[in-house]
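Work through the exercises below with the structure open. Each task is followed by a stepwise solution.

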Amino acid sequence: MASKIRKGDTVVVTAGKDVGKRGEVLRVDPQAGKVTVQGINRVYRHMRPSRTHPQGGRVQKEMPLDISNVMVADPKTGQPTRVGFRILPDGTKERYAKKSGQSLGVVGAASSKS
């Protein structure tokens with residue numbers, strides 16, 4: 001099944017310490033049910049000095065959120081909305097925002113079943 005939330009989507013956080021904030025999805029892990037959102041759920045990692053971090057110290061990074069704690073932002077209004085799937089007349093499958101009916105992009109190509 002196609003995922004309802006995809007990399008590049010703008011999402012709104014609905015639960016947790018960052019509730020109400022919005023950001024772009026950087027990574028989706030469907031097996032774990034997690035998403036990483038830019039600027040959301042930032043934590044400090046204490047790094048020991050190494051080749052990649054010669055200075056060491058505290059580095060801020062985004063940690064994954066549970067996929068149930070975010071909703072896709074409606075492209076028309078910016079409000080959180082549920083995502084649906086529909087088959088277009090030419091046979092392609094697309095994701096759409098349930099609130100406005102606005103398209104969120106094509107998921108699959110037209111099937112050639114006869």
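Two strands pair if DSSP finds at least two bridges between them. The model used here is predicted.

**Exercise 1.** Determine how many bridges join β2 to β3, and which way the two strands run.

Solution. Take β2 as residues 22-29 and β3 as residues 34-37. Count the bridges: 4. The two strands run antiparallel. For one residue of the pairing, look at Val28: its bridge partner in β3 is Val35.

**Exercise 2.** Place the strands in the open sheet and find its edge strands.

Solution. The open sheet has 6 strands. Read the order as β6-β3-β2-β1-β7-β8, with antiparallel pairing. Next, look for strands that pair on one side only: these are β6 (65-66) and β8 (80-81). They are the edge strands.

**Exercise 3.** List the largest nonpolar core and trace the strands behind it.

Solution. The core has 11 residues: Ile5, Val11, Val13, Val25, Val35, Val37, Ile40, Leu65, Val70, Val72 and Val83. Now assign strands. β1 (10-13), β3 and β7 (70-73) each supply at least two residues of this core. Then take one member, Val37. Leaving out residues up to four places away in sequence, Val37 touches Val11, Gly23, Glu24, Val25, Leu26, Glu62 and Leu65.

**Exercise 4.** Search for aromatic pairs, then for charges over rings.

Solution. Pairing requires ring centres within 6.5 Å. The count comes to 0 aromatic pairs. Turn to the charges. Arg58 lies over the face of Tyr44, 3.9 Å from the ring centre. Lys93 lies over the face of Phe85, at 5.0 Å from the ring centre.

Key: Residues are numbered from 1 along each chain as its sequence is written. This is a predicted model: local features need pLDDT of at least 70, side-chain atom pairs count only at pLDDT 80 or more; totals for chains, interfaces and linings use all residues. Side-chain values use heavy atoms; hydrogens and water are left out. Rings of Phe, Tyr and Trp (its six-membered ring) pair if their centres lie within 6.5 Å; planes under 30 degrees apart count as stacked, over 60 as edge-to-face and the rest as tilted. A charge sits over a ring if NZ of Lys or CZ of Arg is within 6 Å of the ring centre and within 35 degrees of the ring normal. A nonpolar core is a set of buried Ala, Val, Leu, Ile, Met, Phe, Trp, Tyr and Cys residues joined through side-chain atoms within 4.5 Å. Buried means under 20% relative accessible area, exposed over 50%, partly exposed in between (1.4 Å probe, protein chains only). Contact means heavy atoms within 4.5 Å.
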